Amino acid sequence: MALMIYAILGYPLVLMMLARIVGREPVLKQEGPRSFTLLIAAHNEEACIADKLRNSLELAASGAFRVQIIVVSDGSTDRTVSEALSVADEKIEVVESVGRGGKALALNQILAKANGDVIVFTDANSFVSPGALEAIATHFCDPKIGGVCGQISVDKTGAGAIGRGEGFYWRYDQALKLAESQLGGTVSAQGSFYAIRREFAGPLRPDCADDFFNSVRVVAKGKRLSYQPEARATEVVTERAVLEMGRRVRSTEGGWRAMAAFWYLMNPWRYGLYAWQLISHKLLRRLVPFFLAIVFATNLLLLDEGMLYKILSTAQIFVYGAILAAAFIPSLRKLPIIGALFFFGMSNLAMALGLLRFITGKKSLVWKPVR
């Protein structure tokens, strides 16, 4: 229980306290980047890819940087390619992948075409705020910064329990990112919108979460990842629980594989505060569903040991009962408390299933966009 409480509440409190006391800001020592390349991997995104490309062109409208935009269609069977080609501009290049290999392999196909000083990875359904490139460019004036992640928010239009829960989660997660950025460096970026110096944006492993793999590789190369809240990206979250669960399971599975590839970054004697942050934010947080199961099981064995254990077991049974009820009766999710509990339960179940897939060697190489 102590580990669970630390992972969810204790770590954020200690982190933010340390950031206030010894936090640091980027040191601007050199000229910022002069060019950006935006990479967009898409599979069956006919509904939004044209709007995404127009949004990307708006980022280049200031003329402050040379901007290259490359979109790759990963085996799309709809009108993704034709919709992308309809946005005619010399800055845009549309590539069709050979077959369907998954997001990482699709991105690998176009990485060699990128000629910007900084590579920006962004999802097809994420719409980025004006001035985002200018905002992240300031961080790259510090030679110690190898990557920058932006702020992610959820489109609240028609958002239900999952959308509200996702929105709260991102506010929570990005408060951590801001504090981490001032200490050992932000632990990892989120795939909706983040930037990496071109020299660190090498080939991706198809069995790893691309955003986490890219992030920790920056740290492994001796650089830091920072957070820029002024670079905002907004996306829509599905209210279809089964599809959202599948997305989270794949993300967790790929994240574990990336963390295993860079396990040595959790050595505090070599990587200092970043190692502590990685252990707390990623390792322990992803073990919370197992902490929950152990707490519940041992609590049942201790019912005869005092009233405290009876109260705790009753509270847990009520919580899990409410989550199960909301899973089978979607209308219950409209109740704020029940909706929050449902999102919490769904998220932790997905993390547990993702770890089990990783342990058993199952790999999710292709992805289906959840809309």
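This report describes the fold of a predicted model, from the whole chain down to single residues.

## Overall shape

The chain contains 12 helices and eight strands. Its radius of gyration is 21 Å, close to the 21 Å that the globule rule gives for 371 residues, so the chain is as compact as a globular protein of that length. Along the principal axes, the C-alpha atoms fill a box of roughly 75 × 50 × 35 Å.

Of the 371 residues, 53% are buried. Among contacts with a separation of 6 or more, 80% are between residues 24 or more positions apart. The exposed surface of the chain comes to about 17,100 Å², and carbon and sulfur atoms supply 64% of that area.

## The sheet

Eight strands make up an open sheet with mixed pairing, and their order is β3-β2-β1-β4-β7-β6-β8-β5. The edges are taken by β3 and β5 (127–128); each has a single partner strand, so one side of each is left without a neighbour in the sheet.

## Strand β1 and its two neighbours

Strand β1 covers residues 35–42, and eight of its eight residues are buried. Both faces of the strand are covered. On one side the buried residues are Ser35, Thr37, Leu39 and Ala41, and on the other they are Phe36, Leu38, Ile40 and Ala42.

In the sheet order, β1 sits between β2 and β4. Its pairing with β2 (residues 66–73) is parallel and is made by eight bridges; within this pair, Ser35 stands opposite Arg66. The pairing of β1 with β4 (residues 118–122) is also parallel, over four bridges, and here Phe36 stands opposite Val118.

## Strand β2 and the edge strand β3

Strand β2 is mostly covered, with seven of its eight residues buried. Besides β1, strand β2 pairs with β3 (residues 92–96), in the parallel sense and over five bridges. The chain passes from β2 to β3 through helix α3 (residues 80–85), and this β-α-β crossover is right-handed. Two facing pairs between these strands can be named: Ile70 of β2 stands opposite Glu93 of β3, and Ser73 has Glu96 as its bridge partner.

A right-handed β-α-β unit is also made by β1, helix α2 (residues 49–59) and β2.

## Loops after β1 and β4

Asn44 lies in the loop between β1 and α2. Its phi is near 55°, a positive value in a residue other than glycine. Most residues other than glycine have a negative phi. Asn44 has a relative accessibility of 31%; buried means under 20% and exposed over 50%, so at this value Asn44 counts as partly exposed.

Asn125 is in the loop between β4 and β5. With a relative accessibility of 9%, Asn125 counts as buried because the value is under the 20% limit. Asn125 and Ala47 are 78 residues apart in sequence, and their C-alpha atoms are 9.1 Å apart in space.

## Helix α12

Helix α12 runs over residues 336–359 and has 24 residues. From its first C-alpha to its last it reaches 35 Å, close to the 34 Å expected at 1.5 Å a residue. Just after this helix, Gly361 takes a positive phi of about 85°.

Note on methods. Residues are numbered from 1 along each chain as its sequence is written. This is a predicted model: local features need pLDDT of at least 70, side-chain atom pairs count only at pLDDT 80 or more; totals for chains, interfaces and linings use all residues. Side-chain values use heavy atoms; hydrogens and water are left out. Buried means under 20% relative accessible area, exposed over 50%, partly exposed in between (1.4 Å probe, protein chains only). Two strands pair if DSSP finds at least two bridges between them. A crossover is right-handed if, with the strands pointing away from the viewer, the path from the first strand over the helix to the second runs clockwise. The radius of gyration is taken over C-alpha atoms; the globule rule is 2.2 Å times the number of residues to the power 0.38. Contact means heavy atoms within 4.5 Å. Accessible areas come from the Shrake-Rupley method with a 1.4 Å probe; for residues, only the protein chains shown count as cover. The expected span of a helix is 1.5 Å times one less than its number of residues.
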